[in-house]
Amino acid sequence: MTTLVWIVLPYLCLAVFVAGHVWRWRHDQFGWTTRTSQLLENRLLRLGSPLFHLGAFGVIGGHAMGLLVPASVTAKIGVSEHVYHLTAVWGGTVTGAMLVAGLTLLIARRLVNGRVRHATTTMDKVLYAALAAMVALGMTATVGTNLLGAGYDYRETIAVWFRGIFWFQPDPALMSGAPLVYQLHAIGGFLLLALWPFTRLVHVWSAPLAYLWRPYVVYRARRGVPPTPPPTPAAVRDAAVRLGR
Amino acid sequence: MRIRAQVAMVMNLDKCIGCHTCSVTCKQTWTNREGTEYVWFNNVETKPGIGYPKHYEDQDRWHGGWQLDGKGRLRLRSGGRLKRLGRLFANPDLPSIDDYYEPATFDKDILVNAPAGLKDTPVKRPRSALTGEPMAVTWGANWEDGLGGAHEHAGGDPNIARMPGEAAAKVKFEFEKTFMFHLPRICEHCLNPACVSACPSGAMYKREEDGIVLVDQDRCRGWRMCVSACPYKKVYVNHATGKAEKCTFCFPRIEAGQPTICSETCVGRLRYLGIVLYDEDAVLAAASVADEHDLLDAQRAVFLDPADPAVRQAAREAGMPEEWLDAAQRSPVWRLISEYRVALPLHPEYRTLPMVWYIPPLSPVLDAVGAAGRDDTDADDVFHTIRELRIPVEYLAELFTAGDVDAVAGVLMKLAAMRSYMRARTLDGTVATDLLAGIGMTAEQVEAMYRLLAVAKYDERYVIPAAHTKDAAALEAQAAAHPDCSLDCEGGPGMTTEATVQSFHLVDGDEVRPGRPGVFSRRADGRRGLTINPLRGRS
């Protein structure tokens, strides 16, 4: 069971994540979009969307710091365990709160505004549910366990297991001892990765940073052979006359 | 010098009767789909009026187009690149659907399925195309048609707000004092397009061959910066696909040498289509001219004389086909813009160098001449009135010359002089040389202009060379490889008509595939596409 959950599932999800993106990129450029609904509703989005996105940047950065940077490295560059803990907990709480507020507003506008509700696809609903669940679990772990509770040092267990996945040596024993909320959050995270390529989340990979360097006006040559004009009625008539019909 | 050709349009506003045939045929051709119900690539506005979308000309509000910064450099009015990326999450300049109008449909079923024995006649009611809920229709793309509601709304016309105070105060929307004209609008296919410049993903582009501005639907990621950057608000969000769409200048028709559908079906025959040669390297300087009143001449100076042997030689060296050079020389657009100088760009102050130009309407001026008790057939009287007339000349100046009254009055005088000259020629055969001297044109020019404006036939109004493939050698090789019939080979010209029709109508083999595909669908190019996302399922 532990092997299934902590080894097979992560690799399966990562495989779907990669293969899904390749497939979607090659076959669905037309669907590869933010699917903006700002046209339909602006008041809640104006507040909710920046909150959600900026919060997400912070949260993703925090996850990268906590999961990818080993404790030994932060110790070596002179960050004490206490300082790290304060940064992680407070940074996580603040950006997490932004994420919660933003997501709440965005979900609210999908529910309250009939136009946006109507433009919401099934996949959007699945995505919103998944994101809400992930955020709820993450905030429970950060606020409930680390800020208010006794605290849990995930850097010695979860982070090591997580990095192990990339060297193909994940140790499932490290995860089976983690608190339930962390376990669920980790499983949910991988499931979200598997869901990613099939949702509008793909727009993340199209963040238009190249815009900063390209010339303003883009020129492009027409591709393909130009169409031949359909014959005019006169040409059809002349051809018929020629053929003796 | 880098010579490019641009397919451009001129509309003669005096002939527009506001019948909306152009809008309707355009909509039938391009935007009769889910997600584009509210989209009119071509719309006809009544001026004065706030337009579609509401107040689109108010750039203090929408920040469309370009402006000069403190150092005189050209920059997008909505800010620099970093600022734009910072606004990806919520674009503060984006119009909402209510600024256009809420699209409606009707529950016509009730007319057919109403039960027998009803006391009252069943009535179909409007329902929102966005939510399906019953709604009240309170605005539309031509709500102000024929000055409808002008006494309430037209005071908010941004052009009136920009007019000098005393003149603006004189624009009264009282029934007997008002004036109006129709303004058909399509995408301007600008030489310096703000939409293309604001597109973060580089999905919008200007075609090298004919200057048509298009959105690559496969590369658009829905960042919606083009919508707010276009000062004419002629890029739209398809709310079903989340992608930008805009007037295509009917490129499949243009490539085949046919006029756009709006031109083809124009009842008043007021549209002219042709090629204009221009120097791409001169565009930036022309758009950066300090004085807004100089923008008109600066843009005219970007165009190159197709009769000039040096220009023709340079164009040939740039690989332009001979057919295109001839078309440029016969171009009615070039003649109206640069030779007769009676066509003017819409809002040159946006600095996008628009390529759909307008001959300003003389009719409201003649009405005013008549109202002033003068003789609207006497050129002198008309000249005097145009000079004295603050309204509507100042209004036209806000639209077409960035407020330069003399420039627009000069064009109106040419048009008035042409009428008087031709009237004298027709009635008693006299040649009114004094009139010609007043406008600086020769008798031949005025008569040619009269012919072009009044009686020009189909192939004089539309001079469109068919698209040429850049590598003619490749085509010939293709032909050599298939000696039986060079047209029928895979991807050959003989096959493309059908292929174009297929991709155009979303037909795949025997299967007709309208807007909404199944779970898996095959595109016109044969690939399978994911349809979990692109179009919402509305069950």
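# A guided tour of chains A and B

Begin by selecting helix H16 of chain B, residues 322-329, where the buried residues are Trp324(B), Leu325(B), Ala327(B) and Ala328(B). Because these residues cover an arc of only 160° around the axis, they lie on the same side of H16(B). As you look, keep in mind that this is a predicted model. Now turn to the other side of H16(B), where Glu322(B) and Glu323(B) are exposed. An α-helix has 3.6 residues a turn, so residues three or four places apart point the same way.

Which elements cover the buried residues of H16(B)? Select strand E1, strand E12 (271-279), helix H15 (309-317) and helix H17 (332-339) of chain B, since the cover includes these four elements.

## The five-stranded sheet of chain B

Two of those strands lead to the next stop. Select the open sheet of five strands in chain B, whose order is E13-E12-E1-E15-E14 and whose pairing is mixed. Strand E13 (303-304) and strand E14 (344-345) of chain B are at the edges, and because each has a single partner strand, one side of each is left without a neighbour in the sheet. Strands of a sheet pair through backbone hydrogen bonds, either parallel or antiparallel.

Move along the sheet one pair at a time, beginning with E12(B) and E13(B), which run antiparallel and are joined by two bridges. To find this pairing in the viewer, select Tyr278(B), which stands opposite Phe303(B) in E13(B). Next, look at E1(B) and E12(B), which also run antiparallel and are joined by nine bridges; here Val10(B) stands opposite Tyr272(B) in E12(B). Then compare strand E1 (residues 3-12) and strand E15 (residues 356-359) of chain B, which run parallel and are joined by four bridges, with Met9(B) standing opposite Val356(B) in E15(B).

Before leaving the sheet, is E12(B) mostly covered or mostly uncovered? Strand E12(B) is mostly covered, for eight of its nine residues are buried.

## The nonpolar cores

Keep Val10(B) selected, and add Cys195(B), Cys226(B), Val333(B), Val408(B) and Leu412(B): these are the residues with the most contacts inside the largest nonpolar core, which has 145 residues. Helix H21 (residues 405-428) of chain B contributes the largest share of this core, 12 residues. Zoom in on Cys195(B), which touches Met204(B), Cys226(B), Ala229(B), Cys230(B) and Val235(B), when residues up to four places away in sequence are not counted. A second, separate core of 13 residues includes Cys13(A), Ile158(A), Trp161(A) and Tyr182(A).

For a wider view, show the whole of chain B, which has 26 helices and 19 strands. Of its 539 residues, 46% count as buried, and among contacts between residues at least 6 apart in sequence, 66% join residues at least 24 apart.

## A sheet with strands from both chains

Met204(B), which touches Cys195(B), also takes you to the next sheet, because it lies in a pairing worth selecting: its bridge partner in E9(B) is Val215(B). Strand E8 (residues 204-207) of chain B and E9(B) run antiparallel, joined by three bridges. Display the open sheet of three strands to which they belong, in the order E1(A)-E8(B)-E9(B) and with mixed pairing. Its edge strands are strand E1 (219-220) of chain A and strand E9 (213-215) of chain B, each of which pairs on one side only.

## Into chain A

Now select helix H9 (residues 180-195) of chain A, whose 16 residues reach 22 Å from the first C-alpha to the last, close to the 22 Å expected at 1.5 Å a residue. The buried residues of H9(A) are Tyr182(A), His185(A), Ala186(A) and Phe190(A); because they cover an arc of only 130° around the axis, they are on the same side of H9(A). What covers them includes helix H1 (2-27), helix H6 (122-148), helix H7 (158-166) and helix H8 (172-176) of chain A.

Finish with the spans named in the UniProt record. An unreviewed UniProt entry annotates "transmembrane region" over residues 6-23, 44-68, 88-108, 128-152 and 172-196 of chain A. In the model, residues 6-23 of chain A are 100% helix and 0% strand, with end C-alpha atoms 26 Å apart, while residues 128-152 of chain A are 84% helix and 0% strand, with end C-alpha atoms 28 Å apart. The unreviewed UniProt entry also gives the annotation "domain: NarG-like" for residues 3-222 of chain A, a span that is 69% helix and 1% strand and whose end C-alpha atoms lie 54 Å apart.

Key
Residues numbered from 1 in each chain as written. Chains lettered and ligands numbered in written order. Predicted model: local features only at pLDDT ≥ 70, side-chain atom pairs only at ≥ 80, totals over all residues. Pairing = 2+ DSSP bridges. Buried ≥ 20, exposed ≤ 12 C-beta atoms within 10 Å, placed from the backbone. Arc of directions from axis to C-beta. Contact = placed C-beta atoms within 7 Å. UniProt positions renumbered as here; feature names shortened; annotations may be inferred. Expected span 1.5 Å × (residues − 1). Core = buried A, V, L, I, M, F, W, Y, C linked by C-beta atoms within 7 Å.
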